[in-house]
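Student: I'd like to take a close look at one small part of this model. Could you walk me through it once it's on screen?

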Amino acid sequence: MKGKPLFAVLLGLLMVGVTAGGATGNVTAKSFVSQQIGIYDPHPVFGDSLKDTIKATAELHVNVHRNVGSLEGRIFIGNKVLSIKKHFFLVRSKVFNGCAMIFNNSPNDKLKGLQGNIYKNGTIFLFFKDKRGGLLFIQMYDPSVLLKLSKLRIPSENIDENEWLWKLGTTVVRTKTITRTTGNYMILSYNPGSSVLATAPSGSGWASSTFITKWFEVGWWIFKTKYSITLELRVYGPPYITRSSPQMTYQAEVRIHNEGTESGSKDTPLLIGDSAQFGPEAVEMGMIVPEECDRIMLVSHHSASHYALKLGDVGLSFGFTLGPMSLDPITAISLVFSGGLNDDIEPTHPANAVHIKYNDMYALHPGEYIGTGEIVVNYEYQQYSGVKPFRVKFRVPVYYQLSASQGLQRVGVIEGVVYHYVTHDNTS
């Protein structure tokens with residue numbers, strides 16, 4: 001990094017700010033802050049060593065009335081001068097001991113305001129991103145800020161002091177994935193409203209599951225946040241299919257098994273699926289059964305813990321005979337049909353593969369799910385026998401839900417496969 005003395009000063013001020021307590025009110029008068037230093041990083045990446053950063057300083061005025069305000073002045077980055085005028089609203093954080101500035105941005109802004117943090121000792125952190133992806137950090141200090149913030153009430157939100165990191169995109173995200181597979185005997189019972197199992201008939205069956213834990217860690221310099229989400233990909237249904245009972249019903253779902261931080265299990269801002277905000281992708285499921293013996297006759301009863309719209313919408317498509325079990329039923333089958341929620345779909349030509357897209361369905365918290373409650377498989381070509389797997393693949397987009405109605409930030413995709421082994425018996 002250029003300028004080691006600046007680094008030392010910044011680090012000292014940052015440590016004071018990070019350990020500071022919280023603010024509890026609103027600035028009611030214009031404030032000029034004299035100590036304003038910072039750095040500009042043209043290429044922010046995870047674990048940045050700041051080798052290519054440039055010294056930055058600023059002359060900024062902060063004015064807040066109630067819980068809305070403006071930030072204006074000049075920022076000096078090397079030999080460049082940028083004029084800035086930003087409007088923001090102020091919220092009290094329920095997560096860290098302080099207040100956060102949420103900026104209003106427009107597409108033409110040279111600098112996008114990511115977030116501002118205000119601590120009770122007067123330390124203020126400001127984070128901006130330019131159109132080229134560069135990151136600007138400004139450290140401000142006003143020892144009278146606590147008094148100014150104690151005048152009026154302000155709303156509270158579940159905003160983390162490092163939430164701005166999730167807005168930088170994939171350059172500051174690091175992931176780690178852990179996968180394990182299980183098969184468990186279960187009793188399926190009718191339990192209205194709890195999950196897709198509500199559509200399953202009472203009786204005994206077999207559950208095959210793949211558990212996938214993915215850690216999403218964002219970080220730049222000394223600022224870091226780390227969350228995990230564990231998904232259970234599950235297939236339910238009888239472990240046998242026979243000549244005398246050639247049709248069996250199966251269910252498939254993805255469920256949030258757990259969420260957490262490094263300190264343990266905890267509900268996080270991560271969610272899966274399509275919440276109908278701008279840009280989110282839907283969870284997808286593809287199922288393929290052995291081409292030489294089985295066909296899918298009916299698919300129905302799609303459900304989720306949350307619907308972005310009143311009914312949601314399901315996109316379905318069937319293959320004819322898709323061939324090898326190794327093929328990906330999601331990418332190999334184009335989406336050709338879109339029908340309403342819980343419509344019973346029977347393919348014109350019985351197929352051995354199906355692709356389902358769960359539009360407008362999402363899950364937020366541990367225990368919540370997205371899935372299909374009825375997939376009827378027929379043992380059609382009974383000259384084949386033996387143990388053969390049903391292969392089910394899930395593709396699950398993961399989003400970080402920004403606080404204070406700022407929308408969603410896509411952080412990654414989790415893909416996994418479940419093999420559900422079924423005995424085919426052509427003698428009974």
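Student: Which side chain does the side chain of His355 join in a polar contact, and at what distance?

Tutor: Happy to, and keep in mind that this is a predicted model. The partner is Glu284: its side chain and that of His355 are joined by a polar contact of 2.7 Å. As for where the histidine sits, His355 belongs to strand 23, which covers residues 353-359. Buried or exposed? His355 has a relative accessible area of 4%, and since the cut-off for buried is under 20%, His355 counts as buried.

Now look at what strand 23 pairs with. Strand 21 and strand 23 run antiparallel, with six bridges joining them. One pair you can pick out is Asp313 with Asn359, the latter being the bridge partner in strand 23. Strand 21 itself spans residues 313-318, and five of its six residues are buried, so the rest of the structure largely encloses this strand.

Zooming out, here's the setting for that strand pair. The chain has three helices and 27 strands. It runs to 428 residues, and 54% of them count as buried. If you take contacts between residues at least 6 apart in sequence, 70% of those join residues at least 24 apart. On the outside, the chain exposes about 18,700 Å², with 52% of that supplied by carbon and sulfur atoms.

So, back to your histidine: His355 is a buried residue in strand 23, with its side chain in polar contact with the side chain of Glu284.

How values were computed:
Residues numbered from 1 in each chain as written. Predicted model: local features only at pLDDT ≥ 70, side-chain atom pairs only at ≥ 80, totals over all residues. Heavy atoms only, no water. Helix = DSSP H or I, 4+ residues; strand = E, 2+ residues; numbered from the N terminus. Buried < 20%, exposed > 50% of the residue type's maximum accessible area, 1.4 Å probe, protein only. Polar contact = N/O pair within 3.5 Å; in protein donor to acceptor, adjacent residues only side chain to side chain. Contact = heavy atoms within 4.5 Å. Areas by Shrake-Rupley, 256 points an atom, 1.4 Å probe, with all protein chains shown as cover. Pairing = 2+ DSSP bridges.
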